[in-house]
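Please consider the following structure alongside its sequence. The explanation below moves through it region by region.

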Amino acid sequence: MTIPRVAFFGSPDFAVPTLTSLIESPYRPCVVVTQPDRPAGRGRTPRPSPVKVVAQNAGIDVLQPARLRDPEATAALAEYGPELQVIAAYGQILRPDVLALPRFGTLNVHASLLPRWRGASPVAAAILAGDAETGATIMLVDEGEDTGDILTARAEAIRPDDDAGSLGDRLAALGASLLLETIPAWLAGEIAPRPQDASRATRARRLRKAQGRIDWTRPAAEIARQVRAFSPWPGATTRLRADDLRIWRARAEGAGAAGPPGTVIGVGETIDVATGDGLLRVERLQRAGKRAMDARAFANGEPDLPGQRLGEPA
């Protein structure tokens, strides 16, 4: 079988395993499309996406249109004559004129078991919801948001200590492996696309920084999932007097009333905080502008911590 010309679309770390696997396979991309360089760090210096770095190191042409919908961007892509397109967390919606370019269609590596958790943040959504498992899906891209037919899917258990970073890393590797299994079978006509059951669809909206603020009246189990789901970004945060605190690691314990929500009721190997239902045992945290540290080290610098009410304005 003739190997098709492949165009790859991706931007963040999640997309790197897929691109790397394609580069090392017979389906090496002829072009990579990624987001424009973005200002980053204190100096706001433009920084390339992780995908761009990998592509350039491999000697692959890179396109970085601000808007792929612009006719000039589509024309530049069309010059490469893509016959198969692959997407992994690119960051822009592909319009009909781009989807019409490849004769073998456009495949997307999505980090959930579709139709559950369509959208921009499926990994965090699965953890927030307390799902026991998630997975990776290879789907045909259509004009909707993750609504295309499913080609293949594979489940992955969500571990009790998973955060969005660790789970996302495993799903990225799983998706890359599944894609390389799927492409030859798809090109050979051995896979029948399976429509999604729209009645079972759930949506994972793009995360916003404000969503990370902890509401201590919520149950401890929910807050613990929030901490895991929002790590490494945007972070689960609260306040201690005038300072912002980020909670990096915590676990829920017990049920019932333990004190006014947000009150620090115990300090030791963990910092124990009352919630709307049960205790949140904070294991690692970080004051704004400082380094992260374990609970005991933090408490050693805060002798009056017991009895303080987290989340209250200064």
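With which side chain does the side chain of Q92 make a polar contact at 3.4 Å? In this predicted model, the partner is Y90, whose side chain forms that polar contact with the side chain of Q92. A further polar contact, at 2.9 Å, links the side chain of Q92 to that of Q35. Q92 itself belongs to the loop that lies between β6 (84–88) and α4 (96–99). When neighbours within four places in sequence are set aside, the residues in contact with Q92 are Q35, P65, A66, R67 and L68. Q35 thus appears both in this set of contacts and as a polar partner of the Q92 side chain.

A second loop, between α6 (164–187) and β11 (203–204), contains D197. The relative accessibility of D197 is 35%, and D197 is therefore classed as partly exposed, since that class covers values between the 20% limit for buried and the 50% limit for exposed. The side chain of D197 makes a polar contact of 2.6 Å with the side chain of S199. The position of D197 can also be described relative to G165: the two residues are separated by 32 residues in sequence, and their C-alpha atoms are 29 Å apart in space.

The last region concerns a pair of strands. Strand β14, comprising residues 264–267, runs antiparallel to strand β15, comprising residues 271–274, and three bridges join the two. The connection from β14 to β15 is a hairpin through three residues. Across this pair, V264 faces V273, which is located in β15.

How values were computed. Residues numbered from 1 in each chain as written. Predicted model: local features only at pLDDT ≥ 70, side-chain atom pairs only at ≥ 80, totals over all residues. Heavy atoms only, no water. Helix = DSSP H or I, 4+ residues; strand = E, 2+ residues; numbered from the N terminus. Buried < 20%, exposed > 50% of the residue type's maximum accessible area, 1.4 Å probe, protein only. Polar contact = N/O pair within 3.5 Å; in protein donor to acceptor, adjacent residues only side chain to side chain. Pairing = 2+ DSSP bridges. Contact = heavy atoms within 4.5 Å.
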